[in-house]
Amino acid sequence: MGMPKVKEARLFYRTAEQRWEDAEFLFSADVRRTTAAVYLAGYCVECVLKALILSQVTKGERKGVLALFRGGKAHDYDWLRDVYYDRGGARFP
(Lines give C-alpha, C1' and ligand atoms only; values in the text may rest on other atoms or scores of the structure.)
Protein backbone atom coordinates (compact mmCIF):
# COMPACT_ATOMS: atom_id res chain seq x y z
CA MET A 1 0.00 0.00 0.00
CA GLY A 2 1.38 3.37 -1.00
CA MET A 3 0.81 6.56 0.95
CA PRO A 4 -2.96 7.19 1.01
CA LYS A 5 -4.35 10.43 -0.45
CA VAL A 6 -6.99 10.77 2.27
CA LYS A 7 -5.70 12.82 5.20
CA GLU A 8 -7.27 10.63 7.91
CA ALA A 9 -5.94 7.47 6.25
CA ARG A 10 -2.43 8.98 6.07
CA LEU A 11 -2.43 9.46 9.84
CA PHE A 12 -3.13 5.77 10.42
CA TYR A 13 -0.63 4.77 7.72
CA ARG A 14 2.15 6.87 9.28
CA THR A 15 1.35 5.42 12.69
CA ALA A 16 1.58 1.93 11.18
CA GLU A 17 5.00 2.74 9.69
CA GLN A 18 6.27 4.07 13.01
CA ARG A 19 4.99 1.08 15.01
CA TRP A 20 6.59 -1.26 12.45
CA GLU A 21 9.94 0.48 12.93
CA ASP A 22 9.49 0.21 16.71
CA ALA A 23 8.66 -3.50 16.39
CA GLU A 24 11.73 -4.12 14.23
CA PHE A 25 13.92 -2.35 16.78
CA LEU A 26 12.49 -4.32 19.68
CA PHE A 27 12.92 -7.56 17.76
CA SER A 28 16.53 -6.79 16.85
CA ALA A 29 19.31 -8.98 18.20
CA ASP A 30 20.47 -6.16 20.48
CA VAL A 31 17.17 -5.90 22.31
CA ARG A 32 15.13 -9.13 21.75
CA ARG A 33 11.94 -7.82 23.33
CA THR A 34 9.78 -10.24 21.37
CA THR A 35 6.50 -9.79 23.24
CA ALA A 36 6.56 -6.03 22.76
CA ALA A 37 7.66 -6.46 19.13
CA VAL A 38 4.72 -8.75 18.36
CA TYR A 39 2.30 -6.39 20.11
CA LEU A 40 3.49 -3.40 18.08
CA ALA A 41 3.48 -5.39 14.83
CA GLY A 42 -0.16 -6.28 15.54
CA TYR A 43 -0.95 -2.62 16.15
CA CYS A 44 0.70 -1.90 12.80
CA VAL A 45 -1.70 -4.33 11.08
CA GLU A 46 -4.65 -2.69 12.84
CA CYS A 47 -3.59 0.78 11.68
CA VAL A 48 -3.09 -0.38 8.08
CA LEU A 49 -6.57 -1.90 8.06
CA LYS A 50 -8.01 1.38 9.33
CA ALA A 51 -6.07 3.31 6.67
CA LEU A 52 -7.46 0.98 4.00
CA ILE A 53 -11.00 1.47 5.27
CA LEU A 54 -10.68 5.25 5.35
CA SER A 55 -9.26 5.20 1.82
CA GLN A 56 -12.43 3.43 0.60
CA VAL A 57 -15.06 5.80 1.99
CA THR A 58 -16.33 9.13 0.79
CA LYS A 59 -15.48 12.38 2.53
CA GLY A 60 -19.00 12.50 3.98
CA GLU A 61 -18.63 9.04 5.52
CA ARG A 62 -15.23 9.56 7.16
CA LYS A 63 -16.44 11.13 10.39
CA GLY A 64 -18.84 8.24 10.96
CA VAL A 65 -16.21 5.66 10.12
CA LEU A 66 -13.72 7.28 12.50
CA ALA A 67 -16.40 7.03 15.21
CA LEU A 68 -16.56 3.26 14.53
CA PHE A 69 -12.89 3.03 15.52
CA ARG A 70 -13.76 3.53 19.19
CA GLY A 71 -14.04 0.75 21.74
CA GLY A 72 -12.88 -2.84 21.84
CA LYS A 73 -14.23 -3.94 18.49
CA ALA A 74 -11.92 -1.46 16.75
CA HIS A 75 -9.01 -3.73 17.73
CA ASP A 76 -10.61 -6.84 16.24
CA TYR A 77 -8.90 -7.76 12.95
CA ASP A 78 -11.88 -9.80 11.75
CA TRP A 79 -14.27 -6.93 12.38
CA LEU A 80 -11.94 -4.46 10.64
CA ARG A 81 -11.60 -6.83 7.67
CA ASP A 82 -15.38 -7.12 7.43
CA VAL A 83 -15.81 -3.32 7.56
CA TYR A 84 -13.22 -3.04 4.79
CA TYR A 85 -15.04 -5.61 2.65
CA ASP A 86 -18.43 -3.98 3.36
CA ARG A 87 -17.04 -0.65 2.14
CA GLY A 88 -15.99 -2.18 -1.18
CA GLY A 89 -12.43 -3.23 -0.37
CA ALA A 90 -10.69 -5.92 -2.42
CA ARG A 91 -10.52 -9.42 -0.93
CA PHE A 92 -7.29 -10.44 0.75
CA PRO A 93 -5.41 -13.37 -0.78
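Lys7, Glu21 and Phe25 are exposed (over 50% relative accessible area, with a 1.4 Å probe and protein chains only) on one side of helix 1. The other side tells the opposite story: Ala9, Phe12, Tyr13, Ala16, Ala23 and Leu26 are the buried residues of helix 1, buried being under 20% on that scale. Seen down the helix axis, these buried residues line one face, because they fall within an arc of 145 degrees, an arc taken from the directions from the axis to the C-beta atoms. An α-helix has 3.6 residues a turn, so residues three or four places apart point the same way. The buried residues of helix 1 pack against helix 2 (34-56) and helix 3 (59-68), where contact means heavy atoms within 4.5 Å.

The model is a predicted one, in which local features need pLDDT of at least 70 and side-chain atom pairs count only at 80 or more, while totals for chains, interfaces and linings use all residues. Residues are numbered from 1 along each chain as its sequence is written, and side-chain values use heavy atoms, with hydrogens and water left out.

Helix 1 covers residues 7-27, and its 21 residues should span 30 Å at 1.5 Å a residue, which agrees with the 30 Å between its end C-alpha atoms. The expected span is 1.5 Å times one less than the number of residues.

What pattern does the protein chain follow along the sequence? It reads α-α-α-α, with four helices and zero strands; helices (H or I, at least four residues) and strands (E, at least two) are DSSP runs numbered from the N terminus. Of the 93 residues in the protein chain, 33% are buried.
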